[in-house]
Amino acid sequence: MDDMGERVLREIEEAKTLAGLDQLRLKYLGKKGEITALLKTVGSLPKEERPGFGAKVNALREVIETRLREKTASLEREALEEKVRQEVVDVTLPGNLPQVGSLHPLTKALREIVGIFYGMGFTVYESREAETDEMNFVKLNLEPGHPARDAQDTLYLTDTTLLRTHTSPGQIRGMLEMQGRLPVRFIVPGRVYRRDPMDASHSPVFHQVEGLVIDRHITFEHLKGCFLEFARGFFGPDTEIRLRPSYFPFTEPSAEIDVSCTICRGKGCQVCGRTGWLELSGAGMAHPRVIRNGGYDPDEVTGFAFGFGLDRAAMLKWGIDDLRVLFENDLRFLTQFEGL
Amino acid sequence: MKVPWKWLNEYVDLDWTVEETCERLTLLGVKVENLTLEKLDLSGVVSALVEDVSPHPSRPHLKVGTLNTGSRRYTVVSGAPGLVEGNIVLLAAPSSRIPGGTTIETRTFAGVESQGMVVCANEILAGEEPRSGEDIIILPPGTPLGLSAQDILDLDDWVMELDLTVNYSHCLSIMGVAIEASALSGKPLKLPDVFRKWDWAGPLGSRRPPDDPDEAGEWKVELPDPDLCPRYVGKVVRGVRPGYAPVEVERRLMLAGMRPISAIVDVTNYVMLETGQPLHAFDLDKLEGKVISARRARRGEVIETLDGEERQLEEGMLVIADALGPVAVAGVMGGARTEVSMETKNILLESAFFAPIPTRKTYRKLRLRTEASARFEKTVDPTAQPVAIERAAELIARYTGGIPEVGRTDANVMEPVRKSISFSTRVVRRTLGAPISAGKCREIFEDLHFAPGPVRKEGDFETMEVTVPPRRVDIEEEIDLCEEIARFYGYHRFEPKPLTPATPGGPPNKEYVWFDRMKDFLVAMGGREVVTTSLLAPDDLLAMGWDASDTRSTGVPLMDPLSSSESILRTSLLPGLLKVVSRNQSVRMPGGFFWETGRVFFPSTEELPLEALQLGLVMYGALKEGSWVEGESEATFFRLKGVTETLLRLMGCDASFLPGASMPFHPGISARVVAGHSTVGELGELHPLVKKNLNLTGKCALAWFSVEAILAMAREKRFSPISKFMPVERDIAVVVQAGVPAGAVVKIVKETARDLHSVTVFDVYDKPPIPEGKKSIALRLTYSPTDRTLTEEDLSLDRERIVKALRDGVGGEIRL
Ligand SMILES: [Zn+2]
């Protein structure tokens with residue numbers, strides 16, 4: 001029996017496959033296995049020999065079982081290791097890419113702008129695109145025949161209605177909705193229209209962001225402070241602004257706001273015409289008549305307004321040099337704004 | 001407006017450099033858009049004395065002169081009358097240069113060699129041949145010889161090109177800009193005598209000096225239309241000699257962007273540039289009668305203008321007329337009949353005030369914008385007409401030897417205005433913030449030649465009456481004066497001040513938040529946002545296949561569109577989105593998924609068209625570009641439906657899909673999205689006919705939604721507790737008639753099953769062994785009881801209920 005034990009253990013040791021091990025298990029421990037058969041002979045032995053023999057066979061059986069288990073585990077590990085050795089991918093092949101969408105840069109720019117103004121207590125007010133002449137011009141101090149009307153080549157729908165030439169009528173509509181409550185702080189983003197043929201810097205359809213603040217004790221200094229905060233938030237913390245006197249019938253004093261060139265950082269380059277400054281926004285103190293047209297008393301409150309081109313802001317921010325690409329929607333353009 | 005630097009400095013001695021001046025003027029609101037150095041290439045052209053003149057041996061109209069430059073003698077052949085012994089002239093010796101890139105060479109005139117040429121103004125200013133009757137330039141006696149023309153004539157200059165806003169009409173003149181520069185720099189204004197005498201810059205405007213001979217001219221002026229022309233000043237100058245203005249005057253006009261014509265015309269332009277008051281000169285002897293009338297044109301009247309064009313006048317346009325009819329389109333251009341020529345002996349000068357808006361209307365109708373009309377349309381100084389005419393007469397006398405009549409005809413029905421505005425430092429504190437003192441304000445007003453009255457204390461503030469000169473037509477009220485203070489105080493000096501924190505101060509706009517979320521969901525699902533124009537062609541709508549009863553078929557037309565392709569407002573985002581597909585197919589992009597949000601417009605019975613905010617989606621072609629792992633996936637109905645279903649779910653919207661949408665959808669592969677009882681959107685594959693019309697290829701699915709409807713349904717999420725019991729899945733397959741919608745089957749299951757969490761369709765099959773005309777729909781039911789573990793008995797009972805309900809409801813037979 002000792003011989004047999006040695007033989008069995010050797011055979012287990014020499015087994016190369018899991019199938020071989022299974023055969024050995026069957027051969028020795030199966031119903032008709034040799035060890036099983038040995039156990040069956042216990043009954044035929046003299047009574048006094050039975051316990052000793054039985055214990056021996058059982059011990060052998062346990063040893064074999066243990067060895068089989070160990071060997072199985074070891075062969076399994078080897079098999080797994082071998083399998084892992086076989087499994088190699090070409091990691092330079094492209095991954096299975098999930099489809100990523102994208103926001104249009106105009107939306108992206110507007111979100112940043114809205115975020116900055118939210119921080120300063122502004123809300124977003126969306127006004128109409130088709131407007132009355134009254135709202136687009138007259139209420140903003142642009143009486144019929146006013147030369148500044150000509151500067152905005154207007155697309156009329158009828159003699160009295162038009163496509164808004166600026167987001168400024170939103171000032172009046174927004175104020176009227178506020179019904180005299182203070183403070184008034186909102187921005188009006190939206191689409192505007194001009195009678196300009198499409199070229200690299202003009203489009204009959206473009207976008208503006210208007211801002212209006214009306215409250216007690218609002219001064220020109222707040223206009224400067226508010227716009228500076230916006231400009232730094234949008235173009236970067238080292239951005240400077242410069243205000244120059246200008247003219248808008250609905251503000252007085254009026255200003256043109258330049259921001260330090262986003263390309264050369266104020267040193268002067270092609271984009272800024274070597275001045276270091278980029279024209280961005282028209283602004284000014286809300287004209288008393290406009291304040292009155294919005295249902296507020298210009299003797300009690302003052303305010304400021306500004307408006308700038310969203311398209312231009314986005315173009316400056318991302319170095320887009322042709323307005324037309326914003327409206328062409330070529331995939332080769334759109335895909336560049338993934339992840340923004 | 002172009003401002004030559006030396007001309008400006010004639011009226012104010014600036015000690016800033018020209019660049020510095022540009023910077024300061026720009027920061028003052030007088031924006032200098034361009035600064036250019038205008039140089040004439042005159043190298044080698046020098047002063048020379050005509051020592052000797054003899055006739056040309058064979059050509060009687062030519063002379064042969066000996067010219068001495070001080071260092072050398074030259075023989076020059078010329079026919080110029082000015083080639084006279086003793087004159088100092090300009091010699092362009094061989095190898096010298098004149099503008100136009102011409103290098104002078106030795107030339108032979110009928111056997112006599114000319115070593116260079118003596119030059120006239122046209123040659124050195126424009127590089128062109130002498131004009132008719134033009135003589136060579138004769139320099140003042142005593143001019144040193146051999147000096148370069150550049151040094152003698154001093155013709156090179158910087159030109160500042162101003163980009164003025166419409167309210168800066170007071171800067172449409174060199175003297176006007178000089179006042180701004182003088183006020184800013186503190187340097188005194190130095191005006192020619194006549195302007196000082198008339199107090200041109202003063203707070204009351206130009207006024208007749210006490211010693212002015214108040215004699216009316218012989219010409220009568222009638223003003224039958226004072227609303228168009230309330231003031232017309234005329235003055236006669238007799239005995240003018242035809243000719244050209246001095247070279248430096250011509251040069252100045254050229255630098256300012258005008259073309260020299262003749263001494264008389266040049267003077268009218270020169271004075272216009274100097275003062276901002278346009279002037280005109282008529283040939284007196286060509287005028288009929290003795291009355292000038294500034295009247296409305298009559299029906300059928302025609303005028304040939306100075307540019308040689310025959311122009312049909314409209315009733316209502318203002319004309320200047322003599323006994324025969326119109327001689328000028330008032331404020332726009334003179335007529336050819338009375339044009340000043342080289343034969344003119346006597347002239348009538350015109351200096352008038354023409355009303356801005358009618359002038360603009362007239363030049364627009366005639367498409368004839370001139371320097372004069374550009375000034376009249378922005379309102380000229382209503383007091384400057386006489387002084388401008390005096391200045392012109394003075395210069396014409398100087399350059400042509402003419403004799404101005406004494407006094408002038410001044411027809412004036414204009415209300416004299418004394419603009420006096422009450423000004424308080426309160427407006428400065430309230431509007432500007434910075435504590436600018438009353439004294440400083442007063443100083444600024446004085447520098448601008450306004451007349452501030454004494455300062456009175458009024459509570460915390462100080463007030464004064466400020467008289468504003470009439471040339472400042474832009475200043476009407478206190479706030480305008482406040483702007484002047486801000487400008488001259490300096491915009492750069494105001495401290496930026498942050499807004500104090502405040503509760504958000506605008507009309508509430510909760511929807512905007514959901515609107516933004518909706519965009520995020522679309523990006524997360526792979527959609528690319530696009531921005532397309534709202535202006536379409538009628539054909540774009542026609543291509544969608546909407547019939548005439550469809551409100552989307554017409555659109556809101558523009559009154560005067562740029563082109564027919566941009567002549568109506570869009571009624572749908574779909575035409576624009578299909579153009580995006582077309583564009584990307586044309587640049588060979590294999591597929592894409594685009595979306596846009598934007599306004600669409602419908603005609604309305606109200607004054608303004610109806611505006612609605614829509615979401616449009618379109619996908620075409622292969623949506624996964626040749627992934628080696630998964631291959632391509634196509635832009636099918638179900639692909640897009642999946643996106644819209646998910647979008648609606650994420651937005652918390654409850655909507656159902658009913659078969660069949662309108663054009664431009666495929667009638668069988670499209671659905672209406674219905675919430676409550678209204679259609680909130682449509683989706684489907686593009687109708688093949690539309691696809692063909694638009695030259696699109698491959699699969700294309702599209703959808704539109706009312707953003708307003710989606711936002712109105714949008715709900716915030718609420719947490720529902722997670723069941724402690726394991727969910728159980730059971731599959732069921734039912735065979736129904738092919739026409740039974742899966743939605744009906746799902747609906748029955750949902751209504752019948754108990755403890756059901758969800759049910760999804762995972763297969764639809766209609767091949768054998770499924771009988772012809774039937775289909776099998778396989779469903780996966782997920783049970784998620786909240787109070788117990790489901791037993792096999794529970795599940796089989798539920799199955800029995802479902803089987804019965806399906807049989808009763810849709811005649812379904814269970815396969816599995
Ligand atoms: Zn730059």
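Buried area is the accessible area, taken with a 1.4 Å probe, that two parts lose on being put together, summed over both. The exercises below apply this and related quantities to a predicted model.

**Exercise 1. Describe the extent of the contact between chain A and chain B, and state which residues of chain A lose the most area to chain B.**

Solution. Begin with the area: chain A and chain B bury about 8,000 Å² between them, and 55% of this lies on carbon and sulfur atoms. Within chain A, the residues that lose the most area to chain B are A:E221, A:P245 and A:L331, which together account for 9% of what that side buries. Then turn to the residues themselves, of which the contact takes 101 from chain A and 94 from chain B.

**Exercise 2. Work out how many salt bridges and polar contacts link chain A and chain B, and characterise the side that chain A contributes.**

Solution. The count of salt bridges between the two chains is 12. One salt bridge joins A:E279 to B:K31, and its closest N and O atoms are 2.4 Å apart, a separation to be read against the cut-off of 4 Å for a salt bridge. Polar contacts are counted next, and with both residues at pLDDT 80 or more there are 40 residue pairs in polar contact between chain A and chain B. On the side of chain A that touches chain B, helix 9 (residues 220-235) gives the most, with 7 residues. Sorted by type, the residues of that side comprise 48 nonpolar, 26 polar and 27 charged.

**Exercise 3. Set out the domains of each chain and the separations between the centres of selected domains.**

Solution. For chain A, the domain assignment gives domain 1 (2-86) and domain 2 (105-337), and the centres of these domains, taken over C-alpha atoms, are separated by 89 Å. For chain B, the assignment gives six entries: domain 1 (2-39 + 156-190), domain 2 (45-153), domain 3 (197-412), domain 4 (419-493), domain 5 (510-713) and domain 6 (728-814). Between domain 3 and domain 6 of chain B, the C-alpha centres lie 95 Å apart.

**Exercise 4. Establish the strand order of the open sheet in chain B that contains strand 40, and explain why strands 41 and 43 each have one side without a neighbour.**

Solution. Four strands of chain B form this open sheet in the order 41-42-40-43, with antiparallel pairing. Strand 41 (756-765) and strand 43 (813-814) stand at the edges with a single partner strand each, so one side of each is left without a neighbour in the sheet. Strand 40 (residues 728-737) and strand 42 (residues 774-783) of chain B pair over 10 bridges in the antiparallel sense, and within this pairing B:A733 has B:A778 as its bridge partner.

**Exercise 5. Trace the strand partners of B:S293 and of B:M160.**

Solution. Take B:S293 to begin with. Strand 14 (residues 220-222) and strand 17 (residues 291-296) of chain B pair in the parallel sense over 3 bridges, where B:E222 stands opposite B:S293. Strand 17 also pairs with strand 20 (residues 318-322) of chain B, here in the antiparallel sense over 4 bridges, and B:A321 is the partner of B:S293 in strand 20.

For B:M160, consider strand 13 (residues 157-163) of chain B, which pairs with strand 1 (residues 2-4) in the antiparallel sense over 3 bridges, B:V3 standing opposite B:M160. Strand 2 (residues 31-38) of chain B pairs with strand 13 as well, again in the antiparallel sense, over 7 bridges, and the bridge partner of B:L35 in strand 13 is B:M160.

Terms used
Residues numbered from 1 in each chain as written. Chains lettered and ligands numbered in written order. Predicted model: local features only at pLDDT ≥ 70, side-chain atom pairs only at ≥ 80, totals over all residues. Heavy atoms only, no water. Contact = heavy atoms within 4.5 Å. Salt bridge = Lys/Arg side-chain N within 4 Å of Asp/Glu carboxyl O. Polar contact = N/O pair within 3.5 Å; in protein donor to acceptor, adjacent residues only side chain to side chain. Helix = DSSP H or I, 4+ residues; strand = E, 2+ residues; numbered from the N terminus. Nonpolar A, V, L, I, M, F, W, Y, C, P; charged D, E, K, R; others polar. Domains from an automatic or database assignment. Pairing = 2+ DSSP bridges.
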